[in-house]
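Here is a short report on charged pairs, a sheet and one histidine. Have the sequence and the 3D view open while you read.

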Amino acid sequence: RYVQWDRKCPFVCFCSFDILFLHSSYLLVMRKYKFALLYVLFCLFSVVCGYGANDTRLYNPNAKSPLLELSMEKRLELARKYIRIDYYWHNPFVQVLGAETEKWGLIDFSGNEVAPCMYDYIFDFYDGYASVKLNGKYGFIDKEAKEVVPCIYDDVSRFDNGLASVCLNGKWGVINGEGNKVIACVYDCELNFSEGVAVAHIGGLENGKFGYVDKQGTEVVPY
């Protein structure tokens, strides 16, 4: 059960195929000694067009998976342990889907597990943090794969300049990388900062009020 993309693809994926042959210019995949033609075409289309596991990711034609440097024995070991391996070129780790738990974890570039396969999903790293989903709630891990913000939030944005918007009980606020609330969860919209301020909304769309807050939560333009 082993599939690996060639060096031009920004991620590595292991699937239910039994045999894989790699060549510098083509992929040949066999499943129980039968050609998986449609999947091969999809693989090649993905490589050419730059599509990955997440179609919002930017394709880097110069990226290659660090797992390609591992021995074949180690890669086969990973293929038995994980049913999916997803590498994106700017992440410090590789996302893996455990065969036993069917949950997501992380491995380093040597194939060692650094975060257990316990999460519903692990998203890409931005500004040193990645959001994680556990039992329908969201939190964050850092570049050491440590959970620095517990999975208690209904929704989160990605980190940007050390801050992230979080939603708790339907209300939005802002936290820092230590998980401390910089702005309390009292607003009815996600706080996206631009030039140091964010639009803030309280109340319904028809009768609600809009204003601007800075990164300390001060209302710089009142409602």
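A residue is called buried under 20% relative accessible area, exposed over 50%, and partly exposed in between. Lys103 has a relative accessible area of 29%, so Lys103 is partly exposed. Keep in mind that this is a predicted model.

## Salt bridges

Side chains of opposite charge can pair when their charged atoms come close. How many salt bridges does the count come to? The count is six. The table shows three pairs, among them the one that involves Lys103.

| Pair | Closest N to O distance |
|---|---|
| Lys74 and Glu77 | 3.5 Å |
| Glu113 and Lys81 | 4.0 Å |
| Asp120 and Lys103 | 2.7 Å |

Start with Lys74 and Glu77. Both sit in helix 2, which spans residues 72-81. They are three residues apart, so about one helical turn separates them. Glu77 is partly exposed, with a relative accessible area of 38%.

Helix 2 also holds Lys81, whose partner Glu113 lies in strand 7 (residues 113-119). This salt bridge therefore ties together parts that are 32 residues apart in sequence. Are the two partners buried or partly exposed? Glu113 is partly exposed at 37% relative accessibility. Lys81 is partly exposed too, at 44%.

The third pair joins two loops. Asp120 lies in the loop between strand 7 and strand 8 (121-126). Lys103 lies in the loop between strand 5 (94-98) and strand 6 (104-107). The pair ties together parts that are 17 residues apart in sequence. Asp120 counts as partly exposed at 24% relative accessibility, and Lys103 does so at 29%.

## A four-stranded sheet

Strands of a sheet pair through backbone hydrogen bonds, either parallel or antiparallel. Which sense applies in the sheet with the order 8-9-10-11? The pairing is antiparallel, and the four strands form an open sheet. Strand 8 and strand 11 (147-153) are the edge strands, because each pairs on one side only. On average, neighbouring strands of this sheet are turned by 20 degrees against each other, direction ignored.

Look at one pairing inside this sheet. Strand 9 covers residues 129-134 and strand 10 covers residues 137-142. Six bridges link these two strands in the antiparallel sense. Follow Lys133 across to find Tyr138, its bridge partner in strand 10.

## Around His201

Now turn to His201, which is found in strand 17 (residues 197-202). Is His201 buried or exposed? The relative accessibility of His201 is 5%, so this residue counts as buried. The side chain of His201 reaches the backbone oxygen of Gly203 at 2.7 Å.

Which residues does His201 contact, leaving aside its neighbours within four places in sequence? They are Tyr187, Asp188, Cys189, Gly208, Lys209 and Phe210.

One of these contacts, Tyr187, lies in strand 15 (residues 181-187). Tyr187 counts as buried, at 5% relative accessibility. Tyr187 also has a listed separation from Gly170: 17 residues in sequence and 8.6 Å in space, C-alpha to C-alpha.

How values were computed. Residues numbered from 1 in each chain as written. Predicted model: local features only at pLDDT ≥ 70, side-chain atom pairs only at ≥ 80, totals over all residues. Heavy atoms only, no water. Salt bridge = Lys/Arg side-chain N within 4 Å of Asp/Glu carboxyl O. Buried < 20%, exposed > 50% of the residue type's maximum accessible area, 1.4 Å probe, protein only. Axes fitted to C-alpha atoms, helices over the stretch in contact; angles between N-to-C directions. Polar contact = N/O pair within 3.5 Å; in protein donor to acceptor, adjacent residues only side chain to side chain. Contact = heavy atoms within 4.5 Å.
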